[in-house]
Amino acid sequence: MRRVKYWIEFIVIFFLNALMYWYLGGYFNLLLGVAMILFLGFTLAMVPLVIPKTEPKIEIPAAEFTKNTEFLVRIRVKNRSIFPVIRCTLYLEIGNGFFEQKTDKTVTISLPAKGEEVYEMPLSSGLCGDIEITLKQFGIEDLLSIPSNRPQNDYAAGLTESTESSAKGSDFSEIGQVREYIPGDSLKDIHWKLSAKKEALMVKERLQMSSQKLQIVFCVDRRNPQRADEVICFLYELGNSVIKSRIPVTVYWWGSRSRQLYEKTADTREGWKEVLEQIFYTGGGEEEAVEAFRMNAPDQDYLKVSEEMLVMWQR
């Protein structure tokens with residue numbers, strides 16, 4: 001709308017000036033008409049010369065961020081041309097790659113000739129995962145608001161993590177999972193809350209942390225981001241606690257992007273962070289992980305970390 005308005009004003013002024021020159025024959029109207037033609041040529045030629053010399057870049061302050069904590073993302077745009085830019089529009093896509101949540105954002109700035117402009121954008125995430133910021137394209141408008149866009153694939157990513165767990169306390173000396181009731185099981189081991197949800201009797205099965213290795217099969221429903229985030233935080237805290245006891249942790253998960261079973265072992269806190277990074281980047285958490293693990297290791301014990309286990313732990 002603004003673009004149409006500018007063009008209408010320019011055309012009206014140009015024809016009024018031409019009419020006055022035809023009627024009065026004044027040199028001022030002649031000079032004004034020539035100046036308007038030169039202005040039009042200048043503004044039309046400016047954008048093709050500026051766009052190749054405009055360099056946008058996304059900068060993030062760190063590779064990792066704490067969940068629910070604000071951080072600044074800087075978008076640095078350099079203008080190497082001799083022309084100033086009144087309006088440069090950046091088209092961004094911001095989202096959480098693990099949960100496949102994306103939103104579009106448009107940023108408009110002005111650029112000095114032979115200079116740069118830095119736009120600071122505060123962001124925060126209430127979910128764990130990998131934060132992705134993509135500059136899809138940018139556009140430059142000339143003095144008459146005629147836009148010209150150029151595709152751009154600048155990309156930056158960081159991880160959000162949390163040391164807060166939804167589990168009660170931090171005692172993971174006994175962990176366990178649930179299974180369906182088998183005649184002969186003790187009634188005190190029935191998990192009534194989960195049984196009501198599943199519409200079948202579910203029994204708590206305790207696993208003592210006395211072995212030299214813990215194998216975890218990780219499953220989570222990413223369609224419910226808030227609940228899935230709680231399961232991830234639980235997994236993070238559980239792994240830290242087990243590793244602190246000098247017991248290695250091996251995690252198995254099904255990657256939704258490559259459709260295969262992944263396996264990674266950690267015996268340090270840094271190694272444990274790398275495990276979660278791999279889960280985020282591969283879109284881990286599909287239920288197929290359990291079946292794939294049983295096929296590869298039919299006789300090995302494992303702990304399934306999922307929403308069901310979290311419900312049992314939060315009881």
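Which side chains meet in a salt bridge at 3.0 Å, N to O? In this predicted model, the two partners are Arg-76 and Glu-59, and their pairing links distant parts of the chain, since Arg-76 belongs to strand 3 (residues 71-79) and Glu-59 to strand 1 (residues 54-59), 17 residues apart. Neither end needs to be described as hidden or open without a value: Arg-76 has a relative accessibility of 23% and therefore counts as partly exposed, and Glu-59, at 25%, is placed in the partly exposed class as well.

Arg-76 also takes part in a salt bridge with the side chain of Glu-116, at 2.8 Å from N to O. Here the link runs from strand 3, which holds Arg-76, to strand 6 (residues 115-123), which holds Glu-116, and the two residues are 40 apart along the chain. Glu-116 is partly exposed, because its relative accessibility is 33% and the partly exposed range runs between the 20% and 50% limits.

A further salt bridge is formed by the side chains of Glu-307 and Arg-227, with a distance of 3.5 Å from N to O. Because Glu-307 lies in helix 7 (residues 307-313) whereas Arg-227 lies in helix 4, this pair ties together parts that are 80 residues apart in sequence. The burial of the two ends can be stated separately: Glu-307, at 27% relative accessibility, counts as partly exposed, while Arg-227, at 18%, counts as buried. Returning to the acidic partners of Arg-76, salt bridges that share partners join Glu-59, Arg-76 and Glu-116 into one network. The structure as a whole holds 16 salt bridges. As a general point, side chains of opposite charge can pair when their charged atoms come close.

The nonpolar interior is the next topic. The largest nonpolar core has 30 residues, and those that touch the most other members are Ile-216, Phe-218, Ile-232, Val-251, Trp-272, Ile-279 and Val-305. Two or more residues of this core come from each of strand 11 (214-218), helix 4 (225-244), strand 12 (249-255), helix 5 (269-282) and strand 14 (303-305), and helix 4 gives the most, with ten residues. The surroundings of Ile-216 show how these pieces meet: neighbours within four places in sequence aside, Ile-216 is in contact with Leu-235, Leu-238, Val-249, Thr-250, Val-251, Tyr-252, Leu-303 and Val-305. Apart from this core lies another, of 25 residues, which includes Val-50, Val-107, Ile-133 and Leu-135. In soluble globular proteins, nonpolar side chains tend to be buried together.

Aromatic rings give another view of the packing. The count comes to six aromatic pairs, and in one of them the rings of Phe-98 and Phe-99 have centres 4.9 Å apart and planes at 80 degrees, so the arrangement is edge-to-face. Phe-98 is buried, with a relative accessible area of 0%, and Phe-99, at 6% relative accessibility, counts as buried too. Ring pairs extend this arrangement into a cluster that links Phe-98, Phe-99 and Phe-280.

Nonpolar residues also occur on the surface, where Leu-19, Met-20, Trp-22, Tyr-23 and Leu-24 form a patch with about 680 Å² of accessible area together. Leu-19, one of the residues in this patch, has its place in helix 1 (residues 2-24).

Technical notes
Residues are numbered from 1 along each chain as its sequence is written. This is a predicted model: local features need pLDDT of at least 70, side-chain atom pairs count only at pLDDT 80 or more; totals for chains, interfaces and linings use all residues. Side-chain values use heavy atoms; hydrogens and water are left out. A nonpolar core is a set of buried Ala, Val, Leu, Ile, Met, Phe, Trp, Tyr and Cys residues joined through side-chain atoms within 4.5 Å. Buried means under 20% relative accessible area, exposed over 50%, partly exposed in between (1.4 Å probe, protein chains only). Helices (H or I, at least four residues) and strands (E, at least two) are DSSP runs, numbered from the N terminus. Contact means heavy atoms within 4.5 Å. Patches are made of residues with over 30% relative accessible area and no salt bridge: like charges are joined within 9 Å, nonpolar side chains (Val, Leu, Ile, Met, Phe, Trp, Tyr) within 5 Å. Accessible areas come from the Shrake-Rupley method with a 1.4 Å probe; for residues, only the protein chains shown count as cover. A salt bridge is a side-chain nitrogen of Lys or Arg within 4 Å of a carboxyl oxygen of Asp or Glu. Rings of Phe, Tyr and Trp (its six-membered ring) pair if their centres lie within 6.5 Å; planes under 30 degrees apart count as stacked, over 60 as edge-to-face and the rest as tilted.
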